[in-house]
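Please keep the sequence and the model side by side while reading. The text below goes from the whole chain to single strands, a helix and a loop.

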Amino acid sequence: MIYFHWIAGSLLALIWFSRVVDASRGVRTLADISQPEWDRGSMGTSPKVAIIVPARNEEDSIAQALHRLLALDYDNYQVIAINDRSTDRTGEIMDPVVSEAQGRLKIVHIRELPPGWMGKAHAMWTAANQTDADWLLFTDADVMFRPDCVRRAITYAETERADHVVLLPRVIMKRPGEKMMVGFFQLLFVFGHRPWKCADPKARDHMGVGAFNLVRRTAYETVGTYERLRFEVVDDMKLGKVIKEAGFRQRVVLGNLIEIRWAHGARGVVNNLTKNFFAVMSFQAWRAIGGSIAVAILNLMPFFGVLFAPGWTRIGYGVALASMFGLYAGIWRRDEISPWYFFLHPVSTILFIYTILRSMLVTLWNGGVEWRGTFYPLEALKRGLV
């Protein structure tokens with residue numbers, strides 16, 4: 001048993017410490033486009049940008065989101081907002097905003113969803129067909145933009161000759177449960193999806209964020225448009241995947257230029273992700289179960305090892321925990337999540353595993369995924385995987 005703890009503790013220490021070193025180096029390479037160097041206008045004619053906003057039952061946020069977009073200080077853009085079969089007042093709220101938009105806003109109402117499409121993917125595809133813009137910015141109806149956001153992003157994209165720019169949002173968190181879960185997910189995000197590697201054409205790491213996917217039109221059309229993602233649950237990440245795999249230049253940037261209230265409390269985080277996680281596992285039960293076991297070993301074993309391993313065999317587990325705390329400290333510098341949420345990491349881990357298994361069981365029990373009032377059969381979802 002002593003040999004087991006020496007080996008297990010050493011492996012966990014190596015895994016977590018290597019991630020701390022990688023993250024400390026990698027995050028520094030991500031551009032912060034809120035810095036003065038990106039606060040400049042275009043060198044000539046500004047490229048046209050179409051901002052695409054799908055909305056289904058978003059009556060609480062859609063008016064504020066559209067007004068924020070119409071207040072951007074970029075000089076060549078349009079907003080295309082899609083009312084995707086809303087059953088609340090979303091469409092009624094959207095229509096009057098057109099009169100205030102001075103020609104910058106177009107509203108499209110979708111009454112029916114064609115067979116073989118996820119609602120959001122169809123809304124994105126429909127909107128992109130309404131414009132000839134050089135750049136397409138796919139966002140969500142509850143994302144709030146700072147006025148200089150698009151100008152800075154386009155300046156960066158054109159300067160770096162990027163084809164896909166992902167801007168990480170600032171997540172508004174008002175409850176301890178939200179901070180606990182968001183901090184945990186950001187730690188796993190750094191652990192598993194290294195955003196600084198997206199710029200490396202040799203790395204498989206890719207990125208896509210529903211709040212801000214800025215895509216050059218030529219790249220969007222080359223990868224098959226949103227029609228290729230017509231039945232993808234995690235369409236934002238898969239858009240990033242197909243763009244990266246096609247050899248286009250992908251960049252992830254920081255800046256606190258957009259913000260979103262992602263969920264209300266820890267329960268809200270779990271509910272939001274129940275739709276997604278089995279899809280992330282390609283709807284394969286063995287992946288969901290195996291992934292849950294791996295998450296438990298990586299995240300819980302260091303805590304148990306420090307408490308229960310004999311004598312000096314605790315050293316490796318301690319190094320793993322210290323490295324984990326270092327990642328929390330790095331998150332705190334950007335998102336103001338106290339590093340002391342590290343002590344709730346076991347609770348976050350258990351809730352995360354619960355979410356994965358809940359997503360699997362709910363999807364299998366229902367024979368598919370229900371999202372915002374539309375049911376999507378499991379067999380069709382499997383066929384639509386990219």
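What follows describes a predicted model, beginning with its overall form and ending with one loop residue.

The protein contains 14 helices and 12 strands. How does its radius of gyration fit that of a compact globule? For 386 residues such a globule would have a radius near 21 Å, and the protein has 22 Å, so the two agree. The C-alpha trace spans about 70 × 50 × 40 Å along the principal axes of the protein. Of the 386 residues, 54% are buried. The accessible surface amounts to about 17800 Å², and carbon and sulfur atoms account for 57% of that surface. The protein has 45 positive and 37 negative charges, and the mean positions of these two sets lie 7 Å apart. Contacts reach far along the sequence: of those between residues at least 6 apart, 80% link residues at least 24 apart.

Several strands can now be followed through their pairings. Strand β8 covers residues 213-216. Asn 213 and Val 215 point one way from β8, Leu 214 and Arg 216 point the other way, and all are buried. β8 pairs with β4 in the antiparallel sense, over 4 bridges. β8 also pairs antiparallel with β6, here over 3 bridges. Which residue of β8 is the bridge partner of Leu 137? That partner is Leu 214. Leu 214 is also the bridge partner of Val 165.

From β6, residues 164-167, the path continues to β9, since these two strands run parallel and are joined by 4 bridges. His 164 stands opposite Gln 250 in β9. Is each face of β9 covered or open? Strand β9, residues 250-253, is covered on both faces. Gln 250 and Val 252 are buried on one side, and Arg 251 and Val 253 are buried on the other.

A further group of strands forms an open sheet of 3 strands with mixed pairing, in the order β5-β10-β7. β5 (144-145) and β7 (170-171) are the edge strands, and each has a single partner strand, so one side of each has no neighbour in the sheet. β5 pairs with β10, residues 258-260, in the antiparallel sense over 2 bridges. In that pairing, Glu 259 of β10 is the bridge partner of Met 144.

Helix α4 takes up residues 119-128 and is mostly covered, with 8 of its 10 residues buried. Which residues of α4 are buried? They are Gly 119, Ala 121, His 122, Ala 123, Met 124, Thr 126, Ala 127 and Ala 128. In an α-helix there are 3.6 residues a turn, so residues three or four places apart point the same way. The buried residues of α4 pack against the strands β1 (49-55), β2 (77-84), β3 (105-110), β4 (135-138) and β12 (374-377), and against helix α7 (217-222).

The last stop is the loop between α3 (90-97) and β3, where Ala 101 is found. Is Ala 101 buried or exposed? The cut-off for a buried residue is under 20% relative accessible area. Ala 101 has 6% relative accessibility, and therefore counts as buried. In sequence Ala 101 is 12 residues from Arg 89, and in space the two are 20 Å apart, C-alpha to C-alpha.

Note on methods:
Residues are numbered from 1 along each chain as its sequence is written. This is a predicted model: local features need pLDDT of at least 70, side-chain atom pairs count only at pLDDT 80 or more; totals for chains, interfaces and linings use all residues. Side-chain values use heavy atoms; hydrogens and water are left out. The radius of gyration is taken over C-alpha atoms; the globule rule is 2.2 Å times the number of residues to the power 0.38. Buried means under 20% relative accessible area, exposed over 50%, partly exposed in between (1.4 Å probe, protein chains only). Contact means heavy atoms within 4.5 Å. Accessible areas come from the Shrake-Rupley method with a 1.4 Å probe; for residues, only the protein chains shown count as cover. Lys and Arg count as positive and Asp and Glu as negative; His and the chain ends are not counted. The place of a charge is taken as NZ of Lys, CZ of Arg, CG of Asp or CD of Glu. Two strands pair if DSSP finds at least two bridges between them.
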